[in-house]
Amino acid sequence: MMVTNINLENKNPKKIKLDFKESKYATGRRKKSVARIWIKKGSGKIYVNGKIMPDYFTRSNHQMLVSRPLEVTKRSTDFDIRCLVKGGGLSGQAGAIIHGISRALLKYEPELKSDLKKEKLTTRDSRSVERKKYGHKKARRSFQFSKR
């Protein structure tokens, strides 16, 4: 039996302390995820749950989705964003962050509404998982039926 030392630095990276005193706040939701967003003038950094965005969202499509509201409005290097997101999976969390960033941008600059609305980024996506019904295998799938 061999005992190895576990390096705790890699397991729990230190959270980044951020100063968001003069910022705008908004909330975004998608599926079971809720994102709280603080946005302020800055250099274009996005922090999710205390980590830099590429460390939290490792898949490139999630990273592109999260930065989409800033790209549509051509403000990708104007704002620093701090997100606290919980619940759901990564796709739901990315969708919640998009919704929250769009709403926070509107608080900063209301004239961006037409651009964001055209891309349907301000609308809450209400689709979620349908509940399972009794007498069924899943939400709609029934058990196999045999007449004879």
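Helices here are DSSP runs of H or I spanning at least four residues, numbered from the N terminus. The structure shown is a predicted model.

**Figure 1. Overall organisation of the chain.** The chain holds six helices and five strands. Read from the N terminus, the order of elements is α-β-β-β-β-α-α-α-β-α-α. Of the 148 residues in the chain, 34% are buried. Contacts between residues at least 6 apart in sequence include 70% that join residues at least 24 apart. The exposed area of the chain is about 10,900 Å², of which carbon and sulfur atoms supply 50%.

**Figure 2. Surroundings of Glu 109 in the loop between helices H5 and H6.** Glu 109 follows helix H5 (90-108) and precedes helix H6 (113-118). The relative accessible area of Glu 109 is 10%, and the residue is therefore classed as buried, the cut-off being under 20%. Beyond neighbours within four places in sequence, Glu 109 is in contact with Lys 41, Arg 75 and Phe 79.

**Figure 3. Salt bridge between Glu 119 and Arg 68.** Side chains of opposite charge can pair when their charged atoms come close. Here the closest N and O atoms of Glu 119 and Arg 68 lie 2.5 Å apart. The pair connects distant parts of the chain, with Glu 119 in the segment after H6 and Arg 68 in helix H4 (residues 68-72), a separation of 51 residues. Glu 119 is partly exposed, at a relative accessible area of 35%. Arg 68 is likewise partly exposed, with a value of 32%. A search of the whole structure yields six salt bridges, and the bridge between Glu 119 and Arg 68 is shown in this view.

**Figure 4. Salt-bridge network of Arg 30, Asp 125 and Arg 127.** These three residues are linked through salt bridges. In the bridge between Arg 127 and Asp 125, the closest N and O atoms are 2.8 Å apart. Arg 127 has a relative accessible area of 57%, and because the exposed class begins over 50%, Arg 127 counts as exposed. Asp 125, by contrast, is partly exposed, with a relative accessible area of 24%.

**Figure 5. Salt bridge between Glu 130 and Lys 133.** The two side chains meet with an N to O distance of 2.6 Å. Glu 130 is partly exposed, at 37% relative accessibility. For Lys 133 the relative accessible area is 24%, and this residue is partly exposed as well.

Technical notes:
Residues numbered from 1 in each chain as written. Predicted model: local features only at pLDDT ≥ 70, side-chain atom pairs only at ≥ 80, totals over all residues. Heavy atoms only, no water. Helix = DSSP H or I, 4+ residues; strand = E, 2+ residues; numbered from the N terminus. Buried < 20%, exposed > 50% of the residue type's maximum accessible area, 1.4 Å probe, protein only. Contact = heavy atoms within 4.5 Å. Salt bridge = Lys/Arg side-chain N within 4 Å of Asp/Glu carboxyl O. Areas by Shrake-Rupley, 256 points an atom, 1.4 Å probe, with all protein chains shown as cover.
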